Amino acid sequence: MTKILDYIYRFILIFMIAMLIIMVGSISFNVIGRYFGKSFTGVEEVSSLAFVWMSFTGIALGFRSNLHPSFETLLEKTSGTAKKLLLTIINILILVFLVYAFKGGIDYVVKSYIQKTAILGISVGWKYSAIPVAAFIMIVEVINKLISIWKKDAIEIR
């Protein structure tokens, strides 16, 4: 499962780079256009869509690498089975939150799917679908972390 996740995260990284290029490129193109008296419609919507997708996929990528802030004082004072149990409780709480975010994201996408953007005319659901996609990726990662916590040959737990 880890090998599949490695490919998924490599794709996410490439996707994030593409979204950054689209966001910066479209905004720069519009700024240069305004200098010459031409403003391009839809640039704000394109850059906003790219920003949302880049942000939420970045959250998932950061989650895998443990880049998000955490309080590790209690974890540092425990070891062995107590540490595994504590990590299991923490990851189960994270899993509950992510399942809630996934379900809420799906509900919001379904409700907002009929709404169209003002200029491009695409569904607003495309923008908000980044939430359940990122939540699903993080759910898979939490399950992977829970499995690796209780593996007998786990050298580094965190």
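Guide: Relative accessible area sorts residues into three groups, with buried meaning under 20%, exposed meaning over 50% and partly exposed meaning in between, computed with a 1.4 Å probe on protein chains only. The model above is predicted, so that local features need a pLDDT of at least 70 and side-chain atom pairs count only at pLDDT 80 or more, while totals for chains, interfaces and linings use all residues. Residues are numbered from 1 along each chain as its sequence is written, and side-chain values use heavy atoms, with hydrogens and water left out.

Visitor: Which residue has a positive phi although it is not a glycine?
Guide: The residue in question has a phi of about 55°. Its place is the loop between helix H2 (43-64) and helix H3 (73-77), where helices are DSSP runs of H or I with at least four residues, strands are runs of E with at least two, and both are numbered from the N terminus. The residue is Asn66.

Visitor: Why does Asn66 count as partly exposed?
Guide: Asn66 sits in the loop that joins helix H2 to helix H3. The residue counts as partly exposed because the relative accessibility of Asn66 is 34%.

Visitor: At what angle do helix H1 and helix H6 pack?
Guide: Helix H1 covers residues 2-35 and helix H6 covers residues 130-149, and their axes lie 12 Å apart. The residues that make the contact (heavy atoms within 4.5 Å) are Thr2, Leu5, Tyr9 and Ile12 of H1, together with Ile137, Val140, Glu141 and Asn144 of H6. Axes are lines fitted to C-alpha atoms, for helices over the stretch in contact, and angles run from 0 to 180 degrees between N-to-C directions. On that scale the packing angle of H1 and H6 is about 145°.

Visitor: Is Asn91 buried or exposed?
Guide: Asn91 lies in helix H4, and once its neighbours within four places in sequence are left aside, Asn91 is in contact with Val142, Lys145, Leu146 and Ile149. Because its relative accessibility is 6%, Asn91 counts as buried.

Visitor: Which residues does Phe102 touch, not counting residues up to four places away in sequence?
Guide: Phe102 is another residue found in helix H4, and its relative accessibility of 29% is why Phe102 counts as partly exposed. With residues up to four places away in sequence not counted, Phe102 touches Pro132, Ala135, Phe136 and Ile139.

Visitor: What distance separates the C-alpha atoms of Phe102 and Ile139?
Guide: Ile139 is among the residues that Phe102 touches. Along the chain Phe102 and Ile139 are 37 residues apart. In space, their C-alpha atoms are separated by 8.8 Å.

Visitor: What distance separates the C-alpha atoms of Gly104 and Ile131?
Guide: Gly104 has its place in helix H4, and since its relative accessibility is 36%, Gly104 counts as partly exposed. Gly104 and Ile131 are 27 residues apart along the chain, and the separation of their C-alpha atoms is 8.8 Å.

Visitor: Which residue, 32 residues apart from Ala18 along the chain, has its C-alpha atom 8.6 Å from that of Ala18?
Guide: Ala18 belongs to helix H1, and because its relative accessibility is 31%, Ala18 counts as partly exposed. The residue whose C-alpha atom is separated by 8.6 Å from that of Ala18 is Ala50.
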